[in-house]
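Visitor: I have some questions about this chain. Could you put it on the screen?

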Amino acid sequence: MVDYNKLISRQLYNFIKREHKLAGLKLNVDKLVSFLIIFGLILFAIPPFVLYIIFKYDIIISILSGFAATILFYIVVYAIIEFRIEQRKNYVESVWPDFLIITSANIRSGISIDKALVNAARPEFTYFSNDVQDVVKLV
């Protein structure tokens, strides 16, 4: 498989990786980068071809339409990822007090801190509980 992350700067790759992690996407970050690059190139090539060859538009307008389609695609993808991040943030803010109450009750009952965190990460907290369990595994 081609390593498409070498086609973009390290700074942009790290930005995409950070946003990917914050959004909690299940897709591998390298596959996401590959999809963005390939689909962006396709969107850059198809509209000019269609407009210039089929509809006989001016070549400059055709190329600008491909550029605009690519930029619009990246804006939509970025907006979707930012929406997911905001959605996760709001959810964590809503369950955080309940999680802390359960954790503190577990600690007061004599359970160690890591076990208290695992026990407080209930399934009703959905992906927040998965994140807590991942953090506890690192500790």
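Visitor: Which residues in helix 3 meet helix 5?
Guide: This is a predicted model. On the helix 5 side, the partners are Tyr-127, Phe-128, Asp-131 and Val-132. The helix 3 residues that meet them are Gln-87, Arg-88, Tyr-91, Val-92, Val-95, Trp-96 and Phe-99.

Visitor: By class, how many residues of each kind does the contact of helix 3 with helix 5 have?
Guide: The two sides include Val-95 and Trp-96 in helix 3 and Phe-128 in helix 5. Arg-88 and Asp-131 also take part. The tally is 8 nonpolar, 1 polar and 2 charged residues.

Visitor: Are helix 3 and helix 5 roughly parallel or roughly perpendicular?
Guide: Helix 5 spans residues 127-138, and its axis comes within 10 Å of the axis of helix 3. The two axes cross at roughly 75 degrees. Angles of 65 to 115 degrees count as roughly perpendicular. Helix 3 is therefore, relative to helix 5, roughly perpendicular.

Visitor: Turn to helix 1. What distance does helix 1 reach from its first C-alpha to its last?
Guide: Helix 1 covers residues 10-23, which is 14 residues. At 1.5 Å a residue, 20 Å is expected, and the model comes close to that. From first C-alpha to last, helix 1 reaches 20 Å.

Visitor: What arc do the buried residues of helix 1 cover around the axis?
Guide: The buried residues are Tyr-13, Ile-16, Glu-19, His-20 and Ala-23. An α-helix has 3.6 residues a turn, so residues three or four places apart point the same way. The buried set lies on the same side of helix 1, because its arc is only 130 degrees.

Visitor: Which helices do the buried residues of helix 1 pack against?
Guide: Tyr-13 and Ile-16 are among the buried residues of helix 1. The face turned away from the buried side carries the exposed residues Gln-11 and Lys-21. The buried residues pack against helix 2 (29-54) and helix 3.

Visitor: Which residue follows helix 1, and what is its phi?
Guide: Helix 1 runs over residues 10-23. The residue after it is Gly-24. Its phi is positive, near 70 degrees.

Visitor: Where does Lys-56 lie, and what is its phi?
Guide: Lys-56 sits in the loop between helix 2 and helix 3. Its relative accessible area is 65%, so Lys-56 is exposed. Its phi is positive although the residue is not glycine, with a value near 60 degrees.

Visitor: What is the phi of Thr-126?
Guide: Thr-126 is in the loop between helix 4 (113-120) and helix 5. Its relative accessibility is 39%, so Thr-126 counts as partly exposed. Thr-126 is a residue other than glycine, yet its phi is positive, near 45 degrees.

Visitor: Is Ser-62 buried or exposed?
Guide: Ser-62 belongs to helix 3, residues 59-108. Leaving out residues up to four places away in sequence, it touches Pro-47, Pro-48, Leu-51, Tyr-52 and Tyr-57. Its relative accessibility is 0%, so Ser-62 counts as buried.

Visitor: Which residues does Ile-63 touch, not counting residues up to four places away in sequence?
Guide: Ile-63 lies in helix 3. At 42% relative accessibility, Ile-63 counts as partly exposed. Its contacts beyond that sequence window are Phe-44 and Pro-48.

Visitor: Is Leu-64 buried or exposed?
Guide: Leu-64 is also placed in helix 3. Its C-alpha is 27 Å from that of Gln-11, a residue 53 places away in sequence. Over 50% relative accessible area counts as exposed. Leu-64 has 51%, so Leu-64 is exposed.

Visitor: How many Å apart in space are Ser-65 and Val-118, C-alpha to C-alpha?
Guide: Ser-65 lies in helix 3. Setting aside residues up to four places away in sequence, it touches Pro-47, Pro-48 and Leu-51. Val-118 is 53 residues from Ser-65 in sequence. Their C-alpha separation is 52 Å.

Visitor: What separates the C-alpha atoms of Asp-98 and Ala-120?
Guide: Asp-98 is found in helix 3. Its relative accessible area of 40% is why Asp-98 is partly exposed. Along the chain, Asp-98 and Ala-120 are 22 residues apart. Their C-alpha atoms are separated by 8.9 Å.

Terms used:
Residues are numbered from 1 along each chain as its sequence is written. This is a predicted model: local features need pLDDT of at least 70, side-chain atom pairs count only at pLDDT 80 or more; totals for chains, interfaces and linings use all residues. Side-chain values use heavy atoms; hydrogens and water are left out. Helices (H or I, at least four residues) and strands (E, at least two) are DSSP runs, numbered from the N terminus. Buried means under 20% relative accessible area, exposed over 50%, partly exposed in between (1.4 Å probe, protein chains only). Contact means heavy atoms within 4.5 Å. Axes are lines fitted to C-alpha atoms, for helices over the stretch in contact, and angles run from 0 to 180 degrees between N-to-C directions. Angles under 35 degrees count as roughly parallel, over 145 as roughly antiparallel, 65 to 115 as roughly perpendicular and the rest as oblique. Ala, Val, Leu, Ile, Met, Phe, Trp, Tyr, Cys and Pro count as nonpolar, Asp, Glu, Lys and Arg as charged, and the others, Gly among them, as polar. The expected span of a helix is 1.5 Å times one less than its number of residues. The arc is that of the directions from the helix axis to the C-beta atoms.
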